[in-house]
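Me: I have a model open and would like a close look at one part of it. Could you walk me through its strands, and then add a little about the surroundings?

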Amino acid sequence: MCGIVGYIGKQQAAPILLDGLEKLEYRGYDSAGIAVYDGEQIGMKKAKGRLKVLSELTHGGETLPGTIGIGHTRWATHGEPSDVNAHPHFNKEQSIVVVHNGIIENYLKLKKKLQAKGYEFVSDTDTEVIAHLLDYYYKGNPLQAITKIMHRMEGSYALGILFQDHPDQLYAVRKDSPLIIGHTEGGCIIASDVPAVLKYTRDVYFIENEEIVCMTADSMEFYNVDEEPIEKSPTHIDWDVDAAEKGGYEHFMLKEMYEQPKAIADTFSPRIRGQEIVIEELDMSEEEIRAVKKIMIVACGSAYHAGVTAKYVIEGMARIPVEVDLASEFRYRDPLIDRDTLLIVISQSGETADTLAALREAKEKGSKVLGIVNVVGSSIAREADTVMYTWAGPEIAVATTKAYSSQLIALYLLAMKFAEVRGVIGKEELHGYIEDLKKLPDQVEMLLNNKNRIQKFANRYLAAKDVFFIGRGIDYAISLEGSLKLKEISYIHSEAYAAGELKHGTISLIEEGTLVAAVLTQEDLYKKMISNMVEVRTRGAFVLAVTNEGNREVERAADYVIYIPQTNRYFTNSLAIIPLQLFGYYISVGRGCDVDKPRNLAKSVTVE
C-alpha cells in the first residue's frame with residue numbers, strides 16, 4: 001500500500017519521481033503528489049485520483065524544477081482521498097516535507113501534544129504529525145531530529161524527508177514498511193519496491209528496521225537509531241527490465257497469466273535433479289524433517305488459498321497434520337506452536353504486515369519458520385529462518401496469477417520432499433510425481449491458448465450480480481481463489497462454498513439465472529459433486545463445470561463444461577485455476593473495470 005519515490009542527483013527530479021510512481025501504481029492508491037526543491041523553496045503539487053492527473057497538472061514534471069525531490073502515491077487510511085490529505089506533507093513554514101508509507105498508531109496522542117504547543121493541522125492524516133514533530137525537534141541537525149521522532153512514534157513507517165536547510169541531502173527512514181535505496185548515474189534514488197528503480201540501477205540496499213540513510217548526489221551514509229554509522233552491502237537484482245513492462249499485452253494481468261508456464265518451470269526446475277527433489281535452501285536435515293509433528297501455514301489473500309491447497313496436498317502426500325491460518329487472525333489467537341512445529345509463511349511481496357507479525361510471534365515461541373516469497377531481500381526473506389523463493393519475477397497486477405501458481409509449485413515440492421524423507425512414498429511414486437510436475441507448464445499453456453472460448457462465455461455474464469463457486473476437498477481450495485479473482489477485479493459479488501455445506505443455508509441464495517461454478521477434479525468426489533450441481537440447477541442456477549478430461553458424466557449436470565488435462569490428483573489446482581483466472585479477467589474487461597488496479601485494493605498490504 002502506498003508508494004514512495006525519492007531522488008537526489010544531477011538530473012531534474014520531477015520526471016524521475018513521476019516515472020517511479022508509475023512503476024508503483026500496482027501497489028494501490030487514490031491520490032498522488034510530489035515535492036521538489038528548486039534551490040530557493042520546496043514546490044509541491046498533489047492531486048486526487050490517478051497519477052496521470054498529477055502528471056498533467058505538472059506538465060510531466062516540467063513545472064517543478066529542481067534536482068532533489070520526493071513523491072508518493074497514497075492509499076487512504078486516515079482521512080478521505082483528497083488533494084489536502086494526499087502526500088507529501090509540510091511543516092507550517094514549508095521548510096520540512098515528508099512522504100510516509102505505514103500507520104502511526106499513536107498519532108492522536110502526538111497530535112494533541114503538538115496542538116497544545118501551537119501547531120495547526122490542515123489534513124486528517126497521521127503523516128502530518130510527522131512533519132510537525134520533525135519541526136518541533138529540529139535544531140539544525142536532521143539526523144538528531146529524525147532519531148528523536150523515531151523514539152516517539154509507534155507503528156509502521158517508511159519515510160522520505162527533505163529539509164530546506166540542507167538542500168544537498170535526502171533522508172530516508174524505515175520501520176516495518178519496505179524501502180530500498182540505489183545509486184543511479186549521478187545520483188541516488190529511494191523507492192518502496194524494485195520496479196521503480198530498475199530503469200536506473202540493479203544494485204540496491206534493503207533498509208532494515210530502524211535504519212536511516214542520508215543521501216547526497218554522490219554518496220549515501222547509513223545510521224542506526226542511536227545515530228551510529230553502519231555498513232551495508234547491496235543486493236543485485238536480476239530481473240529483466242522488460243519483465244516490469246506490459247510487453248504488448250493490454251494489461252499486466254493478462255501478460256502475467258501468460259508468464260505462468262515459465263514461472264512454474266522456474267520454480268521447480270532448480271529443485272529437481274534427476275529423479276530427486278533437492279531443496280537446498282530448506283536447511284533441514286532428514287532427522288529434522290522426520291521430527292516435525294505439525295505444520296502451520298500462515299498467509300493472507302491468494303497466498304492463504306495456496307496454503308489451503310497445501311493442507312490437502314501435504315496431509316495426503318506426507319501424512320503430516322497441517323493447520324492453515326489467516327495471518328490477521330493467527331497473531332491474536334495465542335496459537336499453540338513449539339519447536340516441533342514448522343511454520344510456513346507465504347507472501348508474494350515478502351512485506352505483508354500481518355504475515356510478518358505472525359512470523360515474529362512464531363520465532364519468539366521457538367518454531368522454525370520457512371518463508372515462501374517472490375521478492376528477493378524482502379522482510380520475510382530476511383527474517384525467516386530459511387526462505388524458498390518462487391522466482392516468478394515482478395508481478396505488477398494487483399490480482400495475483402503467476403505468483404500464486406508458483407507458490408503452489410513450491411508447496412508441492414515441499415510435500416514431495418517431506419513424503420519421501422518420512423518414508424510415506426517410495427522412489428517409484430516420487431518419480432511419477434516429478435514427471436507430472438514437469439508436464440504442468442505445457443498443460444497450463446494449452447489452457448491459456450483456449451482463452452477465446454472462455455471469453456465468449458464470460459461475455460454472457462457481464463451483468464451478473466452474484467456468482468457462487470463450489471467444490472469439495474482440494475476443489476474447495478481452488479473455488480476460494482476463483483471467487484477472489486472474480487470479485488477483486490470485476491466488483492461482482494462472489495463467494496466460494498464447500499459444496500457439502502449447501503444444504504446448511506447457502507442454497508437459499510440460489511435463484512433463477514444465478515451462475516454457479518463447480519470445480520470437480522477429484523475422482524472419488526465426482527458423484528457427490530454432481531449431486532450438488534443437480535441441487536442448484538433444479539433451483540434455477542446456470543452451472544459452469546471445471547473438470548478433468550474424460551469426466552463426461554458431468555455434462556448431464558452442467559450447462560457448460562471446461563475440461564482440464566489429466567494430472568496427478570494433488571496437482572489439479574495448478575490447472576483448474578487457469579480457466580477461472582481467464583473468466584475473471586474477461587468479465588472485468590467486459591465491464592470496463594481497471595483490471596490491473598482495482599478500486600480500494602493494494603498489491604502489497606504493509607499495514608494492518
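In what order do the 8 strands of the open sheet stand, and is the pairing parallel or antiparallel?

Reply: Happy to take you through it. Please keep in mind that this is a predicted model. The open sheet has 8 strands, and reading across it the order is E3-E2-E4-E1-E10-E9-E11-E15, with antiparallel pairing. At the edges you will find strand E3 (42-48) and strand E15 (235-236). Each of these two has a single partner strand, so one side of each is left without a neighbour in the sheet.

For a closer view of one pairing inside this sheet, go to strand E1, residues 3-9, and strand E4, residues 68-74. These two strands run antiparallel and are joined by 6 bridges. A handy place to start is Gly3, which stands opposite Thr73 in E4. In general, the strands of a sheet pair through backbone hydrogen bonds, in either the parallel or the antiparallel sense.

For the parallel sense, move along to strand E25. On one side of the pairing list is strand E23 (residues 466-471), which pairs with E25 in the parallel sense over 4 bridges. Strand E26 (residues 542-548) also pairs with E25 in the parallel sense, here over 6 bridges. Ala518 is a good residue to click on: Ile470 stands opposite Ala518 of E25, and in E26 the bridge partner of Ala518 is Ala545.

E25 is also worth a look for its cover. The strand spans residues 515-520, and 6 of its 6 residues are buried, so E25 is largely enclosed by the rest of the structure. In a regular strand, side chains alternate between the two faces of the sheet. In E25, Leu515, Ala517 and Val519 lie on one side, while Val516, Ala518 and Leu520 lie on the other. Both faces are covered, and these residues are all buried.

Now for the surface. Lys109, Lys113, Lys117, Lys139, Lys148 and Arg152 form a positive surface patch. Two helices, H3 (107-116) and H5 (142-152), each supply at least two residues of this patch. Lys109 has its place in helix H3, and with a relative accessibility of 66% Lys109 counts as exposed, because that value is over 50%.

One last stop is Arg360, which is found in helix H11 (residues 353-364). Arg360 has a relative accessible area of 24% and is therefore partly exposed. If you would like a distance to check on screen, the C-alpha atoms of Arg360 and Leu254 are separated by 35 Å, and the two residues are 106 residues apart along the chain.

Technical notes: Residues numbered from 1 in each chain as written. Predicted model: local features only at pLDDT ≥ 70, side-chain atom pairs only at ≥ 80, totals over all residues. Heavy atoms only, no water. Patch = residues over 30% accessible without salt bridge, like charges linked within 9 Å, V, L, I, M, F, W, Y side chains within 5 Å. Areas by Shrake-Rupley, 256 points an atom, 1.4 Å probe, with all protein chains shown as cover. Salt bridge = Lys/Arg side-chain N within 4 Å of Asp/Glu carboxyl O. Lys, Arg positive; Asp, Glu negative; His and termini not counted. Charge placed at Lys NZ, Arg CZ, Asp CG, Glu CD. Buried < 20%, exposed > 50% of the residue type's maximum accessible area, 1.4 Å probe, protein only. Pairing = 2+ DSSP bridges.
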